[in-house]
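Work through three short exercises on the model shown here. Try each task before reading its solution.

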Amino acid sequence: MASNIFTPTNQKLLTNVAIVRMKRTGKRFEIASYKNKVLSWRSGVEKDIDEVLQTPTIFTNVTRGEVAKRDDLIKAFGSDDHMAICLQILQKGELQVSDKERQHQNECTVKEIATIIADKCINPENKRPYTVNMITRSLKEIHFSVKPNRSSKQQALEMIDKLKEIMPIEKSRMKLQLSIRGRDSKRVREKIITQLDDIEVDDRLDDGSIDIVCNVDPGMYRLLDDLIRNETKGMGRVEVISLREVVEGDSGI
């Protein structure tokens, strides 16, 4: 005779999960996500919530499958909308991982941050790039620690200024060619020149048009492109000669 198995209605058992936890009003609330997906979601790499959550359910204990009570959710979050609360916990909650998993994740994140910095920066003294290993060692020297709730790109941009305290480093510049055409080319040139601090070529052609080759911070590209298009009524243009102002050869030190 088969035995009956009693499963409480507020229990939902899951396996192979990554737990994200948040404490509110003295109670613990947890969600069950797929392993390796939480950080991808927080960094913006993963955008499909169904690929992140195992179930859009709020638990008080994922391991035991205990689902949170409606009254507790309303008291803590002002709502009993499980999906909305899941998104809040997913973004701001504490990811529960083992010490070994946390160490591996941190090492991977540090390497990713170091790679972003190495891709974006150079040694301004010799215009040479830094290797990822050089950046990684320097991050350790300034006692950098990973912030799980911030993307690798955000942390990389923040660390560039910190690294300046111990090494010569700056964002690599773009090399642009600015082609100024039209009857007002001289006036437009004067307006543009005030925005530039590193000009390699400044030529006036026989037809009155002007070509400028310059190095600028990447954030200047859109400003210059809009300025030239508007001031020349679409007759001028901005071309990217190179994305990085780098001298070929050995690394930056």
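Contact here means heavy atoms within 4.5 Å. The model is predicted.

**Exercise 1. Find the residues in contact with I58, leaving aside its neighbours within four places in sequence.**

Step 1. Start with F29, E30 and I31, which are in contact with I58.
Step 2. Add V67, A68 and L73.
Step 3. Finish with H82, I85, C86 and I89.

**Exercise 2. Identify which residues touch the most other members of the largest nonpolar core.**

Step 1. This core holds 21 residues.
Step 2. Those touching the most other members are F29, I31, I58, L73, F77, I89 and L90.
Step 3. Now look at the suppliers: β1 (18–24), β2 (27–33), α1, α2 (70–77) and α3 (82–92) each give at least two residues.
Step 4. The largest share, four residues, comes from α3.
Step 5. Another core lies apart from this one; its 19 residues include A114, Y130, M134 and V146.

**Exercise 3. Work out how the buried residues of α8 are arranged, and what they pack against.**

Step 1. Helix α8 covers residues 220–231 and reaches 16 Å from its first C-alpha to its last.
Step 2. Take buried as under 20% relative accessible area. In α8 the buried residues are M220, L224, D225, L227, I228 and E231.
Step 3. Look down the axis of α8: these residues fall within an arc of 165°, so they line one face of the helix.
Step 4. Check the other side, where R222 and N230 are exposed.
Step 5. The buried residues of α8 pack against β9 (174–180), α7 (185–193), β11 (210–216) and β12 (237–242).
Step 6. Just after α8, K233 takes a positive phi of about 55°.

Methods: Residues numbered from 1 in each chain as written. Predicted model: local features only at pLDDT ≥ 70, side-chain atom pairs only at ≥ 80, totals over all residues. Heavy atoms only, no water. Expected span 1.5 Å × (residues − 1). Buried < 20%, exposed > 50% of the residue type's maximum accessible area, 1.4 Å probe, protein only. Arc of directions from axis to C-beta. Core = buried A, V, L, I, M, F, W, Y, C linked by side-chain atoms within 4.5 Å.
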